[in-house]
Structure formats: C-alpha cells, structure tokens
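Student: I've just opened this one and don't know where to begin. Could you walk me through it, starting wherever you like?

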Amino acid sequence: MTLSARRLALATLDRQLLLERRPIDVTDAVRRLCALQAQTPASPYLALWNRVADFAPEHLDAAFADGRIVKASLMRITLHAVHAADHPAFHAAMLSCLRAARLYDRRFTDTGLSAEDADTLLADLTPYLREPRTGAEAEAEVVARLGAGTERVWWALRTYAPLHHVPSGGPWSFGHRNTFRAAPKAPEVTAGEGAKQLLLSYLRAFGPATAQDFARFTLLPSATVKHAVDALGDTLRPVGGTGRAVLYDLPEATVPAEDVPVPPRLLPMWDSSLLAHAVPGRFMPAEFRPAAVRRNGDVLPCLLVDGQVAGVWRSLDGGGLELTAFRKLTAGQWRGLTREAERLVTWLADRDPEVYRRYGHWWDKGLPGVGTRIVKG
C-alpha cells in the first residue's frame, strides 16, 4: 500500500482523535495520544478539549492529583503529560539525551563538578525529594550540601532526574513556578527497551512515520532510533509513501479513506500533532510555518481547517477569541471555526478566559493575516 500525503495526514488525525471527539476517559486518551506537550500548563487541557467528547477539565485535574497522569521532562527536553505507566519507559529512552543536554552545558560545567558528582548528589537527594519540593527549596538544599556557586547543579538535575512535577493549583493544576517530587520506584527499564516502547507508542499516536519523524519527535540520536527500529523487526510494517524514506506502522493500524471529512479545530500552543514529524510537519503548510512557529520555538495556538494549519487564534482582554486566517477561507469554513470558537469561549469562561495572554506580543509584532474574526461566545 502506498499512501498519499492526504491519507498520511488523515491517519495521524484519526489517531490523534482529531477527526471526531471520542467518549473516552482522560487517562486512556493520554495513553492513546502518547504524550501531550505541557510546557505551558493550559496546553494539555486544550489538547484534550479538542479530542475528548464532553471533556471536563476537572477530570484531568484529578488524574494529575492522584498520579494517573504525570508531568515530566521527556521528549525534546521539554515538559510532557504522559500516562504514569508509560513514564518509566519514556524516561529510560530519553535519559541519555536529557543528561547530555544539561551535563555538557556550560551552565553546569562552570560549577566545576563532574557528571559523576551530579549523579552522587542525586542519589543522596532522592530521600529529600520524596516529598514535594519547590525549585527554590531544592536549589537551596543543593547549595547547602555543595556550597556557593553550585546553584546550576539543580538546573541540570531537575531535567534528567526521574522526577514528576507536583500539581500546585491555579486554573490548570500547575503554575509557572514548578514543584517536584521523586518518581515512585518502578521496575528498571533499559534504554533500549524504553526506546522500543516509546517508538510503539509514537506510531500508535502519530503513525505511519519514518525514522526521521520519530527522531524529530524525540530528539533521540539517529543510531538510537535505528537500533529501536531494527530491534522491533517484524513488529513494524513498512508502508509506502510519497517520499524516499521508509514509513513504519503497526500491523493492526488502519488508515482512513481519502475522502473522510476533517472538522475544524482550535489547537493549543505546542500541540504535539504539529511537532511529531519532520519539518514542516504533516499539518503545517511550509509557507505558514514562520508565522505559526516563532524563531524562539513558540508554536502559536493554531486554526486547523481540513486538516491543515490555516491561521492562529488568541484570547482577548476580558474574554473572547480572535481568529486570524493566513489564507482566504470560505464562508462555510469560517462558520465551522466560529462554532468551535464559541464553544471554546464558553468552556474557558469559568477557568481562564484569557488563556495564553502572555504570548500576545507575537501578534503585536505582526502576522500575515488575510482575514480576522472576533468571537465573544
């Protein structure tokens, strides 16, 4: 079977629950979706609002509070929300990458400590971290043990150590000041086994995909990715596509027909579906990428029309949303986006009607919009 670009996009949209909202428990949804980008606290909530029928944010609050869903530094060295049962394997897969990103960084090496010193300290700190600790508390504990000038050691440890972020309140369970706790003890997973489990989860959520796509999603080295693909062997099914690289999929996976309709969606910042494949991605027209993905890596909240990014949205002072299209849309497409926006305005009203307002400076710098709608709900 050879898949067109359209069918590849539809396959991922289907697996990402973006062809229709499904009546599914939030913990099952997160596991099915592999990982939700969570560097901004609101994003996992908005990701699930787009995907789960009658999604109530209180359900995700509860899943974070009782540890069924955990937030941690993982793929691409950034924060993700994942199913608690997946965290040990995902962390094992990513550990070498997470360590390298911090222990080879000048901010750590300038402390004069070695990687072995950091690991020894982490082992000693683990009992202390079994209780929730703010970043400031943990940093102060490191300095008390190692002396002045070692503040950046905690900066390194908090990224690669097996830690979970602890809910600290606010409209989206977490604030922008983080609290940490050591992950519960779990059966040890090797890096190789973790990479295999992560690849299988990735394909269930974003496939069919190439080895390069998986490397983009994780930032794992190509040798690690190749080893995981080779180790899975016949567990993976090669699929033909429009490019030269081999696409891999799971034997039981299905792909929708070419003519399946795609509903409009208002995706959150850094939606994982926009970061799961080699640049520019499966849903991002190349000409719109500079506007939707800023130079510092901020991925703006995007309008999805017929499965492709067609613009961005933002919240307004006092509530309501502004929708900005990067291309001309039909009256029917605007109606669909407006209905979604009205639903979102209502849903946000009791929790955070001005969500993402701290990123409004990107609109102040100008966007290539050809059409705008204000939706007040």
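Tutor: Let us start with C34, which is found in the loop between α2 (26-32) and β1. Please keep in mind throughout that this is a predicted model.

Student: Okay, what is the phi of C34?

Tutor: Its phi is positive, at about 75 degrees, although C34 is not a glycine. As background, most residues other than glycine have a negative phi.

Student: And is C34 buried or exposed?

Tutor: C34 counts as buried, because its relative accessibility is 0%, and buried here means under 20%.

Student: Which other residue that isn't a glycine has a positive phi?

Tutor: R76 is one of them, with a phi near 55 degrees. R76 sits in the loop between β2 and β3, and those two strands form a hairpin with five residues between them. R76 is buried as well, with a relative accessible area of 14%.

Student: You mentioned strands, so what order do they take in the open sheet?

Tutor: The open sheet has three strands in the order β1-β3-β2, and the pairing is antiparallel. β1 (36-37) and β2 are the edge strands, since each pairs on one side only. In general, strands of a sheet pair through backbone hydrogen bonds.

Student: How many bridges join β2 to β3?

Tutor: Five bridges join β2 to β3, which covers residues 79-83, and the two strands run antiparallel. Along that pairing, V70 stands opposite V82, and A72 has H80 as its bridge partner. On the other side, β1 and β3 pair over two bridges, also in the antiparallel sense, and there Q37 has H80 as its bridge partner.

Student: How many of the residues of β3 are buried?

Tutor: Five of the five residues of β3 are buried, so this strand is largely enclosed by the rest of the structure.

Student: Switching to empty space now, how much of it lies in the largest pocket?

Tutor: The largest pocket holds about 1,100 Å³ of space. Its lining is made up of 38 residues, and those nearest the centre are P162, A183, P184, K185 and A186. By class, the lining has 23 nonpolar, eight polar and seven charged residues.

Student: Which element gives the largest share of that lining?

Tutor: The largest share comes from α5, with seven residues. Among the other elements that supply at least two residues each are α4 (57-65), α7 (115-125) and β5 (163-165).

Student: What about the second largest pocket?

Tutor: About 570 Å³ of space lies in the second largest pocket. It is lined by 27 residues, and L79, R158, H165, H176 and N178 are the closest to its centre. α9 gives the most to this lining, with four residues, while β2, α8 (135-146) and β6 are among the elements that supply at least two each. The residues of this lining divide into nine nonpolar, twelve polar and six charged.

Student: New topic: which residues are buried in α12?

Tutor: In α12, which spans residues 222-232, the buried residues include V225, A228, V229 and L232. They are on the same side of the helix, because they cover an arc of only 95 degrees around its axis.

Student: What do the buried residues of α12 pack against?

Tutor: They pack against α10, α11 and β8 (247-249). The face of α12 turned away from the buried side carries the exposed residues A223, K226 and H227. Just after α12 comes G233, which takes a positive phi of about 50 degrees.

Student: Last thing: where are there cis peptide bonds?

Tutor: A cis peptide bond joins G207 and P208, with omega at about -10 degrees. P208 lies in the loop between α10 (191-206) and α11 (211-218). The bond from V279 to P280 is also cis, with omega near 10 degrees, and P280 lies in the loop between β9 (265-266) and α13 (289-292). For context, most peptide bonds are trans.

Terms used. Residues numbered from 1 in each chain as written. Predicted model: local features only at pLDDT ≥ 70, side-chain atom pairs only at ≥ 80, totals over all residues. Heavy atoms only, no water. 1 Å grid on protein atoms, 1.4 Å probe; cavity = no way out; pocket = protein on both sides within 12 Å on 5 of 7 lines; lining within 4 Å. Points joined across faces, edges and corners; volume = space filled by probe spheres on them. Nonpolar A, V, L, I, M, F, W, Y, C, P; charged D, E, K, R; others polar. Pairing = 2+ DSSP bridges. Buried < 20%, exposed > 50% of the residue type's maximum accessible area, 1.4 Å probe, protein only. Arc of directions from axis to C-beta. Contact = heavy atoms within 4.5 Å.
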